[in-house]
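Work through the following exercises with the sequence and the coordinates open beside you. Each task is followed by a solution that proceeds step by step.

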Amino acid sequence: MIVRRLLLVATLLAIFGYLLTGLTQVRPGERAVVRRFGRVLDEQPEPGLWVGLPWGLDRVDRVPVDQVRRVEVGYRPGDDDGGQATPAGQLLTGDHNLVNLHVVLNCTVLRDGVADYVVHADRADGLVARVAETALAEWVAGRTVDEVLLRGKVDLPPWLVAETQHRLEEYRIGVQVRDANVTHLLPPAEVKGAFDQVTEAQTATRTWRYKAEQEADEALRKAESERYRLGQMAASYANERRLMARAEAESFERRRRQYERMRKDNPDALAAIWWDEMGKLFEKLREGGRVDLLDNRLGAEGLDITVVTPPRKK
């Protein structure tokens with residue numbers, strides 16, 4: 001009798017323990033995928049206690065959707081020490097040069113792609129790496145070695161993230177590529193010295209070009225300043241000459257009107273104006289030289305002959 005009771009209690013405990021296998025605690029930052037009799041249920045338990053069928057009937061896979069997964073792609077320093085013909089991550093550029101490239105991709109599981117990830121979990125990271133390697137080879141092959149080495153760490157990561165994610169969509173593995181970092185980007189060790197010399201020469205060239213551009217800009221600014229100064233002087237001189245011409249024109253017009261009035265009363269008014277103007281001319285000539293009258297050459301008609309002598313040399 002006692003044995004039967006013990007067997008009954010043990011059976012009940014075993015049944016109770018088996019039923020407890022249907023309880024699953026989903027931790028914060030996780031999503032669960034429930035497969036019942038091998039079929040994935042549409043319901044995906046969120047953090048909390050999930051009550052399902054016991055083990056063997058339900059299988060619950062908990063996936064940390066907030067966890068960042070690190071996928072390394074490409075060359076690792078030391079990979080070419082073992083005598084490999086072409087180490088992983090040693091890629092050929094568009095101008096037929098080799099570069100060693102290593103990239104780290106940070107990935108997470110999509111919240112609405114947890115079921116897809118569970119199905120492909122064992123090969124998800126490898127698939128991400130293969131797709132990224134293909135994209136890297138394409139990017140490097142489409143550029144010269146100078147472009148790759150000089151712009152790779154800036155231009156490659158955003159392109160790689162977008163391109164890798166686009167290519168992963170057809171595989172439906174539920175992975176989101178968040179960002180990428182280029183951790184190693186150098187030419188092979190055998191030619192690194194030559195590349196360093198080329199880089200130094202290119203740096204010197206850019207320095208001299210920058211200096212030449214600065215000097216050209218300075219010369220251009222000086223030329224523009226001189227052009228502006230000469231333009232202002234020309235404009236001022238032209239305005240001055242214009243004002244003088246206008247004043248002379250107005251003076252001439254006044255003299256003309258004066259002559260018209262005087263001519264009515266004095267027929268010799270024009271001669272008076274003539275000698276007035278000649279007096280002004282002689283005054284200007286006298287400032288730089290000497291005006292003498294040649295009285296000894298006066299004729300019977302009383303003609304005066306004048307001569308202008310050049311200025312005396314000092």
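**Exercise 1. Determine which residues of helix α4 are buried, and examine how straight this helix is.**

Step 1. In this predicted model, the buried residues of α4 are Val145, Val148, Gly152, Leu156, Pro157, Leu160, Val161, Glu163, Thr164, Gln165, Arg167 and Leu168, a list in which Glu163 and Arg167 stand beside Leu160 and Val161.

Step 2. Turn next to the span of α4, which runs over residues 145-168 and has 24 residues. Its end C-alpha atoms are only 28 Å apart, whereas a straight helix at 1.5 Å a residue would reach 34 Å.

Step 3. Look then for a bend along the helix: α4 has a kink of about 85°, and the centre of this kink is Gly152, a residue that is also in the buried set.

**Exercise 2. Find the residues with the most contacts inside the largest nonpolar core, and say which elements supply this core.**

Step 1. The largest nonpolar core has 37 residues, and those with the most contacts inside it are Leu101, Val103, Leu105, Val128, Leu136, Leu156 and Leu160.

Step 2. Two or more residues each come from β6 (69-74), β8 (98-109), α2 (114-120), α3 (124-141), α4 and β9 (175-186), and the element that gives the most is α3, with 10 residues.

Step 3. Take Leu136 as a worked case: leaving aside residues up to four places away in sequence, Leu136 touches Val73, Leu91, Leu101, Val103, Leu156 and Leu160.

**Exercise 3. Decide whether His102 is buried or exposed, and describe its surroundings.**

Step 1. His102 lies in strand β8. Its relative accessible area is 6%, and because buried means under 20%, His102 counts as buried.

Step 2. List what His102 touches, not counting residues up to four places away in sequence: Glu72, Val73, Gly74, Tyr75, Arg76, Asn181, Val182, Thr183 and His184.

Step 3. Among these, Thr183 is 81 residues from His102 along the chain, yet their C-alpha atoms are separated by 5.7 Å, while the side chain of Glu72 makes a polar contact of 3.2 Å with that of His102.

**Exercise 4. Place these details within the whole protein chain by stating its helices and strands, its buried share and its contacts.**

Step 1. The protein chain has 6 helices and 11 strands, and 27% of its 314 residues are buried.

Step 2. Of the contacts between residues at least 6 apart in sequence, 69% join residues at least 24 apart.

Step 3. The accessible surface comes to about 22,100 Å², and carbon and sulfur atoms account for 56% of it.

Technical notes:
Residues are numbered from 1 along each chain as its sequence is written. This is a predicted model: local features need pLDDT of at least 70, side-chain atom pairs count only at pLDDT 80 or more; totals for chains, interfaces and linings use all residues. Side-chain values use heavy atoms; hydrogens and water are left out. Helices (H or I, at least four residues) and strands (E, at least two) are DSSP runs, numbered from the N terminus. The expected span of a helix is 1.5 Å times one less than its number of residues. The bend at a residue is the angle between axes fitted to the seven residues ending there and the seven starting there. Buried means under 20% relative accessible area, exposed over 50%, partly exposed in between (1.4 Å probe, protein chains only). Contact means heavy atoms within 4.5 Å. Accessible areas come from the Shrake-Rupley method with a 1.4 Å probe; for residues, only the protein chains shown count as cover. A nonpolar core is a set of buried Ala, Val, Leu, Ile, Met, Phe, Trp, Tyr and Cys residues joined through side-chain atoms within 4.5 Å. A polar contact is a pair of N or O atoms within 3.5 Å; within protein, one must be able to donate a hydrogen and the other to accept it, and residues adjacent in sequence count only if both atoms are side-chain atoms.
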